[in-house]
Amino acid sequence: MYKYDRYDQAIVDARVEEFRDQAARRLSGALTEDQFKPLRLKNGLYLQLHAYMLRVAIPYGTLDSRQMRMLGHIARKYDRGYGHFTTRQNVQYNWIKLEEAPDILAELATVEMHAIQTSGESIRNLSSDQYAGAAADEVADPRPWAELLRQATTFHPEFSYLPRKFKIAVTAAEEDRAAIRLHDVGLKLVTNDAGEIGFEVYIGGGMGRTPFVAPLIRPFLPADNLFSYLEAALRVWNRWARRDNIHKQRIKILVHDLGQEEFTRQVEAEWQAILPNGTDVPRKELDRIAEYFAPPPFEAGLADTVDRTDPDFAVWLDQNVKAHKAPGYAIVNISLKPIGGIPGDASADQIDLMADLAQKYSFDELRVTHAQNIVLPHVRKADLRAVWEHLRDAGLAEANLDLISDIIACPGLDYCSLANARSIPVAQKIATRFADLGRQRDLGELKLKISGCINACGHHHAGHIGILGVDRKGTENYQLLLGGSGAEDASLGKITGPGFDEDGIVNAVEKATAVYLARREEGERFLDTYRRIGMEPFKEALYG
């Protein structure tokens with residue numbers, strides 16, 4: 001994984017001291033809250049319902065045991081003993097004191113971590129495939145490119161004060177585990193007929209108040225021209241973005257208003273105007289970065305079979321363990337979705353345990369996933385039993401990956417000042433209703449996602465079943481959506497009809513799954529059945 005050079009460390013250290021001065025001035029009253037707000041947001045610090053919330057960047061979701069242990073240490077020392085892993089491969093702390101925030105940033109800096117540009121109108125933490133470097137279906141490891149983009153976009157003077165936040169995802173696999181078409185820019189590494197590496201470029205996706213699936217803007221961009229092309233796209237957006245209307249400032253609105261063809265034309269024209277002769281990607285720097293992502297020293301000749309006689313272990317293998325590109329190895333998914341728990345939360349002790357397992361069994365590497373889980377990317381199959389036993393003893397062996405209880409949920413009205421409704425209790429009730437693992441596995445892949453407001457931090461638009469909490473005359477109300485997907489078959493969910501109260505939405509989910517079980521054909525997921533039979537059978541069951 002990437003290691004800071006002296007420039008990275010100097011930038012982060014300087015930013016810590018700059019923020020320490022800003023926080024001190026706010027605490028003394030020299031800065032008003034309005035003056036302080038843009039400063040703290042640039043450092044990932046939000047003011048929520050009960051306390052400050054700090055969002056820590058985990059670029060492309062990759063971290064080592066040293067960094068993971070620091071996250072556990074911060075949870076113990078500065079928070080209430082836990083961290084919350086998010087859909088953007090970040091971690092959040094919900095109970096931060098302003099006077100301690102600079103110390104947290106200083107401690108993060110000692111392990112090459114920061115909170116820079118995890119908020120504000122800037123290019124946010126770059127995300128990627130959580131299986132990058134381990135999956136057999138990728139063209140190449142996309143993380144060197146993600147790191148190169150991270151460096152290029154951090155404090156970029158032209159893009160430091162954008163019309164709105166801007167999110168980029170990079171992947172290199174046919175299976176889209178990074179939801180690239182629901183980002184402002186989605187990049188997919190591909191090769192052309194000549195064997196040259198480049199990118200499919202998708203621009204204009206996103207969720208929130210006005211969701212869109214990004215169209216394909218360029219089917220093949222030579223990799224050596226990545227910087228200039230993204231700069232051209234951002235310049236077009238900067239030029240025409242609706243800075244007068246906060247609800248129409250995202251690039252997705254511009255792409256929609258201009259249309260795919262006209263937006264593409266303007267980007268291509270801008271690109272030709274700034275395109276240098278030859279390459280604009282610093283290959284020497286890319287090569288330097290890529291060395292940090294070289295494959296670990298996998299052992300040869302390892303056994304490729306696992307003893308499955310223990311039924312509980314066998315179920316976990318089937319559900320949470322995925323194929324690895326190296327013989328004798330596997331990808332382990334650690335569920336942070338215990339039945340009745342808070343999706344994405346991990347205690348400091350659990351964080352420490354996962355760090356220990358990464359150091360001992362996974363070449364000292366972990367990943368954070370978009371589904372608010374953790375991955376050990378490189379585990380010998382011979383070690384899977386030992387890993388499972390450690391996870392089981394720590395309450396981390398829930399065998400529910402991609403099942404109905406593997407719920408994505410935002411913090412909602414329990415924490416967030418923007419929320420209209422609670423998300424966590426709804427997630428807990430649904431998971432408890434479907435607690436029986438046999439029942440979950442019979443339903444098969446079913447991605448359920450919950451947001452507590454229209455900002456869609458829980459990605460409800462992209463759920464096979466999505467739930468949106470709204471305020472209905474001072475009462476929490478929950479809309480049910482069906483048919484969304486953030487994968488390579490990206491689609492947006494549609495609202496079924498009138499909303500439900502907290503218990504009613506749990507019943508509605510159960511009714512929707514009953515329609516699926518009654519109408520599915522061989523091999524169909526919930527999403528497949530919905531797409532085949534349409535909305536009406538579900539509405540009939542829900543509203544009669």
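This tour goes through a helix pair, two cavities and a pocket in a predicted model.

**Stop 1: the helix pair**

Select residues 226-240, helix α6, and residues 260-274, helix α8. The two pack at an angle of about 120°, and their axes lie 8 Å apart. α6 and α8 are therefore oblique to each other. The crossing of α6 past α8 is right-handed.

Now show side chains. From α6, pick S228, Y229, E231, A232, A233, R235, V236, R239 and W240. They meet F263, Q266, V267, E268, E270, W271 and I274 of α8. By class, this contact has nine nonpolar, two polar and five charged residues.

**Stop 2: the cavities**

The whole structure holds five cavities of 30 Å³ or more. Start with the largest, at about 180 Å³. Its lining counts 15 residues; centre the view on Y4, P59, Y60, Q67 and E112, the closest to the cavity centre. Then colour β3 (62-63) and α5 (143-153), which each give at least two lining residues. The lining splits into nine nonpolar, three polar and three charged residues.

Next, the second largest cavity, with about 90 Å³ of space. Select A57, P59, H114, I116, Q117, I123, R124, N125, L126, R150, T153 and T154 to see its lining. Here the classes are five nonpolar, five polar and two charged.

**Stop 3: a pocket**

Finish at the second largest pocket, with a volume of about 230 Å³. Which residues are closest to its centre? Select M1, Y292, F293, A294 and E365, out of 19 that line the pocket. The lining of this pocket comprises 10 nonpolar, two polar and seven charged residues.

Methods
Residues are numbered from 1 along each chain as its sequence is written. This is a predicted model: local features need pLDDT of at least 70, side-chain atom pairs count only at pLDDT 80 or more; totals for chains, interfaces and linings use all residues. Side-chain values use heavy atoms; hydrogens and water are left out. On a 1 Å grid over the protein atoms alone, a cavity is a set of points where a 1.4 Å probe fits but cannot get out, and a pocket is an open set with protein on both sides within 12 Å along at least five of seven lines; lining residues have an atom within 4 Å of a point. Grid points are joined across faces, edges and corners, and a volume is the space filled by probe spheres set on the points. Ala, Val, Leu, Ile, Met, Phe, Trp, Tyr, Cys and Pro count as nonpolar, Asp, Glu, Lys and Arg as charged, and the others, Gly among them, as polar. Axes are lines fitted to C-alpha atoms, for helices over the stretch in contact, and angles run from 0 to 180 degrees between N-to-C directions. Helices (H or I, at least four residues) and strands (E, at least two) are DSSP runs, numbered from the N terminus. Angles under 35 degrees count as roughly parallel, over 145 as roughly antiparallel, 65 to 115 as roughly perpendicular and the rest as oblique. A crossing is left-handed if the near helix is turned anticlockwise from the far one by less than a right angle, and right-handed if clockwise. Contact means heavy atoms within 4.5 Å.
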